[in-house]
Structure formats: C-alpha cells, structure tokens
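Reader: I would like to go through this structure with you. Keep it short, and give the cut-offs as we go.

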Amino acid sequence: MFRETYKLANGIEVPKLGLGTWLLDNEQAAQAVRDAVSLGYRHIDTAQAYMNEAGVGEAIRSCGVAREELFIMTKVAAEAKNYDTVTQSIHDSLAKLGLEYIDLLIIHSPQPWKEFREENRYFEENKEVWKAMEDAYRTGKVKAIGLSNFLQDDVENILASCEIKPMVNQILAHVGNTPLELIEFCQKNDILVEAYSPIAHGAILDHAEVRIMADKYGVSVAQLCLRYDVQLGLVVLPKTANPDHMRNNAELDFVIGDADMEKLKNIEPIQDYGEHSFFPVFGGKLK
C-alpha cells in the first residue's frame, strides 16, 4: 500500500493517494469507502454535489479505523457564492457526514457549473466565499481550506485579499491533459495540487503509446498514470468502487524515468472523454 504523504502549508499531512467517490450514490460510496479503508486508504474525497456525504459518513463511523487516522475532504457547492450560503452549506456537510470537523474543505468551482469557464468570473463573490471558509477554519470546523478548478487568475484573486492562503487547488490533471503552468504557479505559492480523474476517467486506458510504456515498467496503465501525477508532486484521487482496482491503484512503488516523464507530459491532449464528455470539467456544457 502506497502510504506517502505531503505536508500542507499549515503542517497538516495529506496522503498522496486518496479515493474519489464521484458518481457513487450513498450506498455505493459507503461500501467503497469501507473497502478502501480496509485496504489501507486513509484519504477520502467527496463533495456536496456528489450527494453521497451521508454514505461516506456512515462508512467513516463503521470502518473500524479511528476518525483521527482518516483524512476526509468535501467541497462547497459551486453554486454557493455568498457568505451565508457557504456558512450554511458547511453546517449541512458536517451534519450529513456526521463529523465534528472536516479535514479539508474546498470550493468546488470558481463559477456555478452552468457558467463554468464563461465570461462572469465571480471574483468578488469568491472573495466572500473565501471569508466564510476562513471563519470555518478559525473555529476548527475545518482543518484546512482550498480551491478546486481555479485557474491562475482565480487563485490570484483570492491571494490578493485573503487572510489565510489557500492550501490546495484540486484540478483535472492527467496524462493527456497536464496544466503544467498552473501546477507550477500553485506550487510556487505553497498550494498543494490535487489531481482528480488522474486516469482521465478511463479515456487514457487504450492509448497505445501509454500502454507500451506501462508494459515497460511492468505496471498497468492506471498505475503509470497515477505514478506520473505523484512524480509531478500531486495528490491523486482515482475514483473506483472496485476493490481490485483500489488495490492495483495503491501499488505505486516504482519510479518513471525522466525521459519517460517528458514523453508523458507531451502526450497529445485527450479530446473525447466518452460518456462523460458532457460534464463541464471535460469541456462539455450543462443544459
């Protein structure tokens, strides 16, 4: 089991490998989290928008591992863009999870999903959201605060007026889509980058060149992609409900050579994420 950690700016340790729970309902999420924890996972990622915080919370209480040994992350809904709404949403997440505190709370998106990457950037609104996050941090309801899907100017907007700097930016980052400039900017500002969909939601699995390289290292394509992100200094959050995949994803004790890392950085961008292409983060538009 891959158990390495990073340290956030405030000294809290974050496991480099976590379990994503997107698209799992409460029942599926509860079982997936229990399975993952039994295999040695200690980092779990959920979100208000996933509608499965209750299932994740149930698993936390029934998994047999002490709460303080687990790192639980959730996300404020992208549509919550004022202080009171965010404050209430944090209260709601704690209630659904059944927890006294959340290890990491992040803003799911700088814009509501239906306006993702459109002209209105919500700069002023996000400053207000961040104030609510800072206050929750000060009360101890959350142990760390951060961002998700924030571009460089979105991050700069928060940095310009914040009292507590963002500790994390969770972004889409995988072989075939690696925003290296954004990653470097975050890392220079002591913001840990987390990679969601690190296996490109499966779209990379049949890529011939990547498969050949995985064979060279004697690993699966998924393992190669996860190790690639880790070597870039990122947290990886592969989503699966399959215990065999969880086990495979946690076997990352190998090193990709420098030349192969450069090749992977320059793999042509993935254009088609299959059935998931309609989601905003994969270039689609919500109706």
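Author: This is a predicted model, so local features need pLDDT of at least 70, side-chain atom pairs count only at pLDDT 80 or more, and totals for chains, interfaces and linings use all residues. Residues are numbered from 1 along each chain as its sequence is written, and side-chain values use heavy atoms, with hydrogens and water left out.

Reader: What volume does the largest pocket have?

Author: A pocket is an open set of points on a 1 Å grid over the protein atoms alone, where a 1.4 Å probe fits, with protein on both sides within 12 Å along at least five of seven lines. Points are joined across faces, edges and corners, and the volume is the space filled by probe spheres set on them. For the largest pocket that gives about 690 Å³.

Reader: Which residues lie nearest the centre of the largest pocket?

Author: Lining residues have an atom within 4 Å of a point. The largest pocket has 34 of them. Those nearest its centre are Trp-22, Leu-23, Ser-197, His-201 and Lys-239.

Reader: Which element gives the largest share of that lining?

Author: Helices are DSSP runs (H or I, at least four residues), numbered from the N terminus. The largest share is three residues, and it comes from helix 9 (residues 243-249).

Reader: Why do the buried residues of helix 10 lie on the same side?

Author: Buried means under 20% relative accessible area, with a 1.4 Å probe and protein chains only. In helix 10 (residues 258-265) the buried residues are Asp-260, Met-261 and Leu-264. The arc is taken from the directions from the helix axis to the C-beta atoms. They share a side because they cover an arc of only 105°.

Reader: What covers the buried residues of helix 10?

Author: Contact means heavy atoms within 4.5 Å. The cover includes helix 7 (208-217) and helix 8 (221-231).

Reader: How many aromatic pairs are there?

Author: Rings of Phe, Tyr and Trp (its six-membered ring) pair if their centres lie within 6.5 Å. Planes under 30 degrees apart count as stacked, over 60 as edge-to-face and the rest as tilted. The count is six.

Reader: How are the rings of Trp-22 and Phe-282 arranged, and why?

Author: Their centres are 6.1 Å apart. Their planes stand at 50°, so the pair is tilted.

Reader: How many residues apart in sequence are the parts that this pair ties together?

Author: Trp-22 lies in the loop between strand 3 (19-20) and helix 1 (26-39). Phe-282 is in the segment after helix 10, so the parts tied together are apart in sequence by 260 residues.

Conventions. Helices (H or I, at least four residues) and strands (E, at least two) are DSSP runs, numbered from the N terminus. Buried means under 20% relative accessible area, exposed over 50%, partly exposed in between (1.4 Å probe, protein chains only).
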